[in-house]
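Student: Hi! Could you go through this structure with me, starting with the ligand and then moving on to the empty spaces?

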Amino acid sequence: MKLTGPFSQIITMQGLPPKGALADDLLHCIPNGGVLWENGVIVSVGDFNELRRSYPQAEADEINRAAVLLPGFIDCHTHICFGGTRNNDYALRVAGSSYLDIARSGGGIWSSVMQTRAASREELTEALLHRIARHASEGVTTIEIKSGYGLNPDQELKMLRAIQAAGARTPVTLVPTCLAAHTKPRDFEGSNSAYLHYLQEALLPAVKLEGLARRVDIFIEETAFSAAEAIPYLQACQKMGFDITIHADQFTASGSEVAVQTGAVSADHLEASGDREIQLLAASSTVAVALPGASMGLGMQYAPARRLLDAGACLAISTDWNPGSAPMGDLLLQAAVLGAAEKLTTTETLAAITVRAAAALRLEDRGVLAAGMRAQMQAYPTADYRDILYYQGKMKPYRVWA
Ligand code: NIG
Ligand code: FE
């Protein structure tokens, strides 16, 4: 058993309601705190001196400086398994072309598909491990990772196996999601519905059999799949036992309604959500995931995070780290900047990248520092937790326990 501390402050994220706005007086802070843990699981969190007295046999892991401890961050939406780059798309966009125009003219997702298909499984795993290590050094200890740049059964399986192989080589928890329904590939002859049906028959049984993913995602958008095409596919996936998550309302509203209707675990993006979509999400158990990194990468508006919270929704924030729309992949920076733009409380922003991001992945064992939870933790070099958002991502953790 290990006793880590004393920390100037431990922000536990305990006791917060699962949905809706969060006032800052709800944030639970333990001054002069310690964490007792064993085999990666927390035994107790509390006053350091009391823990020292109660567990004199615990091995000391002393923190000899001002430090604030937080749960490890959870990035609940990424596409970090990919080959190549899309720096050309970015240059075209900043010069004035739109994301959808670039997609229609053969750049966009299809360009990453060609580059990812050209990479071996081993190359994808190595590239993934680099990105995972960077995220871990910035306090992210659980990462959701989507496939979706393979877009045929063999190539999607290659991506999911690359994620599985990376997972065996890192202490960071990886949560894979099958996004074969990212867009219909240019080399598939047939309708959108025929492609989705093909995935259902030729890919998803193998994903299940190999235990490669327990979640399925789909992009509902004018350049991808319509609501009417998506619904039967999602229902078939649910019948097979997959959880559902949806790329929803990025440019046009429609996906969030499907998410609520099908009982999706989360609806992600939401830049184009209006009052109606906000009300639907708020009344549901679907987590609303804002992706400020995509707004920054595309130079477009943020998801209406403030209005979602005020309406009563559960809000998570994630990077959407991908080669196209969101190449930056800095979760803390993006959450802090979204919080400043949307007027989120410190509690709301921190919950959105810890306990509420855990809810977006249906993980109940993390995102909070409390007995029985995973000892995924990170320490910042300050005595005042407010510095962490104040520096808008420039202050990084100096130590991370994955
Ligand atoms: O979440 N919107 C669709 N998918 C990704 C972008 C993927 C890409 O452009 O490669 C997203 O933004
Ligand atoms: Fe995405």
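Student: What does H247 do with ligand 1, in terms of distance?
Tutor: An N or O atom in the side chain of H247 is 3.0 Å from an oxygen atom of ligand 1. That fits a polar contact, a pair of N or O atoms within 3.5 Å. Keep in mind that this is a predicted model, where local features need pLDDT of at least 70, side-chain atom pairs count only at pLDDT 80 or more, and totals for chains, interfaces and linings use all residues. Side-chain values use heavy atoms, without hydrogens and water, residues are numbered from 1 along each chain as its sequence is written, and chains are lettered from A and ligands numbered from 1 in the order in which they are written.

Student: And how far is ligand 1 from Y149 and S325?
Tutor: For Y149, a polar side-chain atom lies 2.6 Å from a ligand 1 oxygen. For S325, an N or O atom of the side chain is 2.7 Å from an oxygen atom of ligand 1. The protein covers 100% of the 330 Å² of accessible area that ligand 1 has on its own (Shrake-Rupley method, 1.4 Å probe).

Student: Which residues come nearest to ligand 1?
Tutor: There are 15 residues around ligand 1, and Y99, Y149, Q250, D320 and S325 come nearest. Being around it takes a heavy atom within 4 Å.

Student: Where does ligand 1 sit, then?
Tutor: The largest cavity is the space taken by ligand 1 (more than half of its atoms lie within 2 Å of the grid points). On a 1 Å grid over the protein atoms alone, a cavity is a set of points where a 1.4 Å probe fits but cannot get out, and lining residues have an atom within 4 Å of a point.

Student: What's its volume, and what lines it?
Tutor: The largest cavity has a volume of about 80 Å³, the space filled by probe spheres set on the points. Its lining has 14 residues, with H79, Y99, H182, N322 and S325 nearest the centre.

Student: New topic: how much space is in the largest pocket?
Tutor: About 430 Å³. A pocket is an open set of points with protein on both sides within 12 Å along at least five of seven lines. Of the 19 residues lining the largest pocket, V175, P176, R214, R215 and L363 lie nearest its centre.

Student: And how much is in the second largest pocket?
Tutor: That one holds about 360 Å³. It is lined by 22 residues, and P18, V287, C314, V355 and A359 are the closest to its centre.

Conventions. A polar contact is a pair of N or O atoms within 3.5 Å; within protein, one must be able to donate a hydrogen and the other to accept it, and residues adjacent in sequence count only if both atoms are side-chain atoms.
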